[in-house]
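I opened this notebook to keep track of what I looked up in one model, entry by entry. The entries follow the order in which I went through the chain.

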Amino acid sequence: MPGNSKRKGAIKKTGKGNPTAGSGGRRRQGLEGKGPTPRAEDRPNHKIYKMKNAGAKRDAARPKRKVGDAAEWVAGRNSVLELLKATVPVHALYVAEGTDRDEKIREIFKLAAEQHVSLLEIGRLELDKLTGGAVHQGIAAKLNAYEYASPDELMALAAERDEPALILVLDGITDPRNLGAIIRSASGFGAHGVVIPERRAAQITAAAWKTSAGAAARVPVARVTNITRTLKEFQEDGCMVIGLAADGTVDVAESQMIDGPLVVVIGSEGKGLSRLVGETCDEIVSIPMSTGLESLNAGVAAGIALYAISQHRG
């Protein structure tokens with residue numbers, strides 16, 4: 001009968017009422033591929049993925065270094081020559097077109113070549129603009145902004161060397177030459193770093209670089225927003241904190257606190273230690289002097305204190 005005929009190619013209904021074309025249908029869909037296999041680093045259960053993400057987490061947890069203010073410009077033949085003689089890291093030298101190649105310029109070019117510093121020739125008006133209208137005499141040096149460390153990095157450096165920490169904290173040192181001298185002493189006596197405040201204090205500038213005689217490239221300098229809070233964090237990490245002041249009651253060389261992890265606070269040139277910083281210190285020490293001189297230059301005082309500490313530690 002026509003109603004019972006099975007024509008070739010007719011659509012057959014399954015028990016669930018879903019039509020299936022021919023011999024394919026849903027079974028063919030079930031056999032379809034899922035696309036190319038993802039790379040190992042894109043598969044959450046693969047060890048390469050886990051290793052890659054663990055590295056990313058470590059990088060995120062690592063304290064980020066703070067970059068200083070905008071790049072600094074040093075203009076003038078004498079100033080640029082002094083920079084290069086002091087091996088201050090110069091990003092590039094800019095020379096105005098038509099500048100007379102006198103003896104100083106030739107010496108600058110020679111030192112720049114030895115230190116692999118780039119030389120760029122630009123128009124005089126452009127150099128005027130870059131240096132803010134300074135008297136550049138046809139040449140200027142561009143210094144990159146200094147990359148500051150974090151206080152944690154200074155502690156990590158001491159641990160890496162397997163040494164008790166020795167860190168200098170500067171409380172309002174405003175003279176960049178004093179800052180440079182302190183960094184130089186820190187390098188000479190094995191300190192693990194220097195901490196400076198972000199505001200109302202000398203920063204790592206060309207003047208500080210020159211006075212440090214290259215030590216600023218070897219000793220990490222950290223910059224913080226709050227000195228008192230930073231001192232408390234050092235104390236929590238197991239450091240003793242001593243403040244150097246003219247009215248200190250203990251000779252720095254005889255302090256019982258300088259054997260282990262130590263933070264030495266140097267006060268500003270005129271005011272000394274600020275009140276909160278002085279109250280945070282575990283002890284106030286001094287450098288005994290035979291004359292009636294009230295106080296030493298901050299850079300000199302830091303050098304003497306570091307020498308006394310190094311002698312005590314042997």
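Before listing any ion pairs I fixed the criterion: a salt bridge is a side-chain nitrogen of Lys or Arg within 4 Å of a carboxyl oxygen of Asp or Glu. I also note at the outset that this is a predicted model.

**Entry 1: the chain as a whole**

I looked up the secondary structure and found eleven helices and 15 strands in the protein chain. Of the 314 residues in the protein chain, 39% are buried. For the contacts with a separation of 6 or more, I read that 78% are accounted for by residues 24 or more positions apart. The exposed area of the protein chain is about 18,700 Å², and carbon and sulfur atoms supply 51% of it.

**Entry 2: salt bridges**

How many salt bridges does the rule give? The count comes to seven, and I wrote up three of them, beginning with Arg 77 and Asp 102, whose closest N and O atoms are 2.5 Å apart. This pair links distant parts of the chain, since Arg 77 sits in helix H3 and Asp 102 in the loop between E5 and helix H4 (103-114), 25 residues apart. I then checked the cover of both partners: Arg 77 has a relative accessible area of 13%, so it is buried, whereas Asp 102, at 24%, is partly exposed.

The next pair I took was Lys 210 and Glu 82, whose side chains meet in a salt bridge at 3.2 Å, N to O. Because Lys 210 lies in helix H8 and Glu 82 in helix H3, the pair ties together parts that are 128 residues apart in sequence. Lys 210 counts as partly exposed at 30% relative accessibility, and Glu 82 counts as partly exposed at 44%.

For Arg 101 and Glu 121 I noted a salt bridge between the side chains at 3.9 Å, N to O. Here too distant parts of the chain are linked, with Arg 101 in the loop between E5 and H4, Glu 121 in strand E6 (residues 118-122), and the two positions 20 residues apart. Arg 101 is partly exposed at 36% relative accessibility, and Glu 121 is partly exposed with a relative accessible area of 49%.

**Entry 3: His 136 and its surroundings**

Is His 136 buried or exposed? Its relative accessible area is 4%, and since buried means under 20%, His 136 is buried. I located His 136 in the loop between helix H5 (124-130) and strand E7 (139-143). Leaving aside neighbours within four places in sequence, I found His 136 in contact with Ala 75, Gly 76, Arg 77, Arg 124, Leu 127, Asp 128 and Thr 131. Arg 77 in this list is the salt-bridge partner of Asp 102 from the entry above.

**Entry 4: Thr 174, Arg 200 and a second positive phi**

I placed Thr 174 in the loop between strand E9 (166-171) and helix H7 (176-188). Which residues does Thr 174 touch, not counting those up to four places away in sequence? They are Arg 200, Ala 201, Ala 202 and Glu 269. Thr 174 and Arg 199 are 25 residues apart in sequence, and I read a C-alpha to C-alpha separation of 9.7 Å in space.

Arg 200 itself is found in the loop between strand E10 (193-197) and helix H8 (206-212), and its phi is near 50 degrees, a positive value in a residue other than glycine. With a relative accessible area of 73%, Arg 200 is exposed, because the cut-off for that class is over 50%. I also noted Thr 87, which is not a glycine but has a positive phi of about 55 degrees; Thr 87 is in the loop between helix H3 (77-85) and strand E5 (92-96).

**Entry 5: Tyr 146 and a charged patch**

Tyr 146 is found in the loop between E7 and strand E8 (147-148), and at 12% relative accessibility Tyr 146 counts as buried. Tyr 146 and Ala 216 are 70 residues apart in sequence and 9.7 Å apart in space, C-alpha to C-alpha.

Last, I looked at charge on the surface and found a patch of negative charge where Asp 152, Glu 233, Glu 236 and Asp 237 gather. Of its members I located Asp 152, which is found in helix H6 (residues 151-160).

Notes: Residues are numbered from 1 along each chain as its sequence is written. This is a predicted model: local features need pLDDT of at least 70, side-chain atom pairs count only at pLDDT 80 or more; totals for chains, interfaces and linings use all residues. Side-chain values use heavy atoms; hydrogens and water are left out. Helices (H or I, at least four residues) and strands (E, at least two) are DSSP runs, numbered from the N terminus. Buried means under 20% relative accessible area, exposed over 50%, partly exposed in between (1.4 Å probe, protein chains only). Contact means heavy atoms within 4.5 Å. Accessible areas come from the Shrake-Rupley method with a 1.4 Å probe; for residues, only the protein chains shown count as cover. Patches are made of residues with over 30% relative accessible area and no salt bridge: like charges are joined within 9 Å, nonpolar side chains (Val, Leu, Ile, Met, Phe, Trp, Tyr) within 5 Å. Lys and Arg count as positive and Asp and Glu as negative; His and the chain ends are not counted. The place of a charge is taken as NZ of Lys, CZ of Arg, CG of Asp or CD of Glu.
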